[in-house]
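Visitor: I am new to this structure. Please pick one part of it and take me through that part closely, along with whatever lies around it.

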Amino acid sequence: MYNELIFRLIIDLIVKYKKLVIVSHVNPDGDALGSSLALYFFAKKLGSNPVVIVPNDFPKFLSWMPCADDIIIFDKNQEKAVELMNEAELFCYLDFNTESRTGLMHNDLCHFNKTPKILIDHHIGPDCSKFEACLSETKVSSTSELVAELIKYQGFDNYLDSDTATNLLVGMITDTGSFSHSIFKNTFNICGELLSLTNLDYKAIHQNIYDTSSENRLRLLGFLINDRMTILNEYNTAFIYASLADLEKFDYQVGDTEGVVNYPLSISNINMSVLITERQGVIRLSFRSKGDFSVNDLANKYFNGGGHQNAAGGTLNCSLEEAIEKLLSVLPEYKELLNK
Ligand SMILES: [Mn+2]
């Protein structure tokens, strides 16, 4: 399925340009971090000098990932990040398909149009013409799976260690909701290889991700489902909203609402679930669907976002009430598709 010339090209570019800046998307998730950190380890083994920069902070439940401490967080350490970007010989964009997904970093990245860039991503429709090499494949679980294939191409024997494998597994576990969606046969195969080659403790990795919540985080989940969830049976849709005041009440920490959007899909007739979260000055929306309904299309058309068929995100610059109204106003257009 893979064009091995792309793997060769990416590896040659990493070897040729020693100063690498690996960039991932705003609100980095397990796959953004896992794929970036795995490429970071791999590039070091290839003799290059990589750094990972992400636009803003990542969830606390991912802070244990190997070398997560080495990540430069742009909005906390802008001076250092810009200095590194100025020195970069090669940018590696991971887990996003358009530069605007880098949030605050976008303005600065625009100044480096002449610096070579590579893209490794599993979202629909990147503009590959902007890149020296573009590894874009949507029929994979995650960007981490693509990075795993890249390292495998060069040879797991010499280039895989347990830290790299741990990062790759976190990416695949989290982007598939613990192997419940976006799964392909190859995902199981590659995970099996990573585990058998490194003797990692899978249970420990899983527990580090999922069993390290605070009491507040679990109570916030309970509150949102009980008090903030609306079921719209007519549209086979559920939405949950969370105001700033709601989040404050439960001492919100970055990542605390991660995964909340998935719960309504456990209701048998619900085909789409939406989480609407109020942030400082912006409304964030998260979409999930079951089956053929494309939340990518919906997020793209009405919510300044996109992603995958069954998982997408978006943002609106309005009040929480207006965001809910907007969602309600577009549902009739999708009624037929949602009722399938
Ligand atoms: Mn991803």
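Guide: Helix 5 and helix 8 are oblique to each other. The angle between them is about 60°, and angles from 65 to 115 degrees would count as roughly perpendicular, those under 35 as roughly parallel; the pair therefore falls in the oblique class. Helix 8 covers residues 185-198, and its axis is 11 Å from that of helix 5. The model shown here is a predicted one, and helix 5 is the part to follow through it.

The crossing of helix 5 with helix 8 is left-handed. On the helix 5 side the contact is made by Glu145, Ala148 and Glu149, and on the helix 8 side by Thr187, Ile190 and Leu194. Sorted by class, these are 3 nonpolar, 1 polar and 2 charged residues.

Now for helix 5 itself. Helix 5 runs over residues 143-154. Its 12 residues should span 16 Å at 1.5 Å a residue, and its end C-alpha atoms are 17 Å apart, so the two figures agree. Several of its residues are buried: Thr143, Ser144, Glu145, Leu146, Val147, Ala148, Leu150 and Ile151. Just after the helix comes Gly155, with a positive phi of about 120°.

A second partner of helix 5 is helix 7, residues 162-175. Here the axes come within 7 Å and cross at roughly 145°. Helix 5 contributes Thr143, Ser144, Glu145, Val147, Ala148 and Ile151 to this contact, and helix 7 contributes Thr164, Leu168, Gly171 and Met172. The classes in this contact are 5 nonpolar, 4 polar and 1 charged. Glu145 and Ala148 appear in this list, and they also take part in the contact with helix 8.

The third partner is helix 2, residues 30-45. The axes of helix 2 and helix 5 come within 8 Å and cross at roughly 20°. An angle under 35 degrees counts as roughly parallel, and so helix 2 and helix 5 are roughly parallel to each other. Helix 2 passes helix 5 in a left-handed crossing. From helix 2, the residues that meet helix 5 are Asp31, Gly34, Ser35, Ala38, Leu39 and Phe42; from helix 5, they are Thr143, Ser144, Val147 and Ile151. By class this contact has 5 nonpolar, 4 polar and 1 charged residues. Thr143, Ser144, Val147 and Ile151 are named in the contact with helix 7 as well.

Helix 2 is worth a few words of its own. It has 16 residues and reaches 22 Å from its first C-alpha to its last, close to the 22 Å expected at 1.5 Å a residue. Of those 16 residues, 14 are buried, so helix 2 is largely enclosed by the rest of the structure. It is followed by Gly47, which has a positive phi near 90°.

The other end of helix 2 leads to Asp29, in the loop between strand 1 (19-23) and helix 2. Asp29 has 20 other C-beta atoms within 10 Å, and because 20 is enough to count, it is buried. From Asp29 there is a link to Asp95: the two are 66 residues apart in sequence, yet 9.6 Å apart in space, C-alpha to C-alpha. Asp95 is found in the loop between strand 4 (90-94) and helix 4 (106-109). With 29 C-beta neighbours inside 10 Å, Asp95 is buried too.

The backbone of Asp95 has a further feature. Most residues other than glycine have a negative phi. Asp95, although not a glycine, has a positive phi of about 70°. Asp251 is another such residue, with phi near 50°. Asp251 lies in the loop between helix 11 (244-249) and strand 9 (272-279). Its 13 C-beta neighbours inside 10 Å make it partly exposed, because a buried residue needs 20 or more.

To return to the part chosen: helix 5 meets helix 2, helix 7 and helix 8. Its crossing angles are roughly 20° with helix 2, roughly 145° with helix 7 and about 60° with helix 8.

Notes: Residues are numbered from 1 along each chain as its sequence is written. This is a predicted model: local features need pLDDT of at least 70, side-chain atom pairs count only at pLDDT 80 or more; totals for chains, interfaces and linings use all residues. Axes are lines fitted to C-alpha atoms, for helices over the stretch in contact, and angles run from 0 to 180 degrees between N-to-C directions. Helices (H or I, at least four residues) and strands (E, at least two) are DSSP runs, numbered from the N terminus. Angles under 35 degrees count as roughly parallel, over 145 as roughly antiparallel, 65 to 115 as roughly perpendicular and the rest as oblique. A crossing is left-handed if the near helix is turned anticlockwise from the far one by less than a right angle, and right-handed if clockwise. Two residues are in contact if their C-beta atoms, placed from the backbone, lie within 7 Å. Ala, Val, Leu, Ile, Met, Phe, Trp, Tyr, Cys and Pro count as nonpolar, Asp, Glu, Lys and Arg as charged, and the others, Gly among them, as polar. The expected span of a helix is 1.5 Å times one less than its number of residues. A residue is buried if 20 or more other C-beta atoms lie within 10 Å of its own, exposed if 12 or fewer, and partly exposed in between; C-beta atoms are placed from the backbone.
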